[in-house]
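The following exercises concern charged side chains and strand pairing. Please work through each task before reading its solution.

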Amino acid sequence: MADTRLKGPNTRWLIASKDAFANWQAPTAAELNAGAVAGVWNITCAVNQDGSTFDLGDSETDDSLTFCQVAGAVNPTTLNPDIVIEVETSKIKNVVNTANTAADHLRYPGVEYFFIVSVGKSPSAPFAIGDEIKLADAETDWGVPVVGTGENIRLTQSPLARGNVAWNVKVVS
């Protein structure tokens, strides 16, 4: 039986400027496909699988009860995305490539981006109506170099979530 990958060639990682979407809760295929001119960068081919995560951690909750709720009922209040992106760096710094683009955008602190992951299509496939994405607004911290003997140098970014989360959203028009 063949070993089928769930991620890897079927995953897209993007970062987008805060102005890339008219409505960040319902991004359109045209906005996601607009590219760097509109402030959307596909950094998939620079993202290292082993050092990257894009998931939801434990939600903030409210455990106060009404008179109709059973004891122990908990209501989620805020989603907490857990984002760590480790990107490859390029040996040649003065060329335009995916590694340099990713590292340039993720190296410095204090920049807000929408971090986006989509599973199901190849990194080069255009977004289409009905594709599903996970999107989180987050602010970069200092990128941390990852250096190991006999390995390529990578950069790790652990951005701080800013509260705007659209999880498992279908791409519209």
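**Exercise 1.** Determine whether Lys121 is buried, partly exposed or exposed, and identify its salt-bridge partner.

*Solution.* Step 1: buried means under 20% relative accessible area, exposed over 50%, and partly exposed in between (1.4 Å probe, protein chains only). Lys121 has a relative accessible area of 29% and is therefore partly exposed.
Step 2: a salt bridge requires a side-chain nitrogen of Lys or Arg within 4 Å of a carboxyl oxygen of Asp or Glu. Lys121 forms one with Asp131, with the closest N and O atoms 3.1 Å apart.
Step 3: Asp131, at 10% relative accessibility, counts as buried.

The model is predicted: local features need pLDDT of at least 70, side-chain atom pairs count only at pLDDT 80 or more, and totals for chains, interfaces and linings use all residues. Residues are numbered from 1 along each chain as its sequence is written, and side-chain values use heavy atoms, leaving out hydrogens and water.

**Exercise 2.** Establish which residues are linked with Asp131 in a network of salt bridges.

*Solution.* Step 1: Arg12 also meets Asp131 in a salt bridge (3.2 Å, N to O).
Step 2: Arg12 lies in strand β1 (residues 11-16), 119 residues apart from Asp131 in the loop between β7 (112-119) and β8 (132-139). Strands are DSSP runs (E, at least two residues), numbered from the N terminus.
Step 3: both Arg12 and Asp131 are buried.
Step 4: the network thus comprises Arg12, Lys121 and Asp131.

**Exercise 3.** Find the residue of β10 that stands opposite Val87.

*Solution.* Step 1: β6 (residues 81-88) and β10 (residues 154-157) pair in the antiparallel sense over 4 bridges; pairing requires at least two bridges found by DSSP.
Step 2: Leu155 stands opposite Val87.
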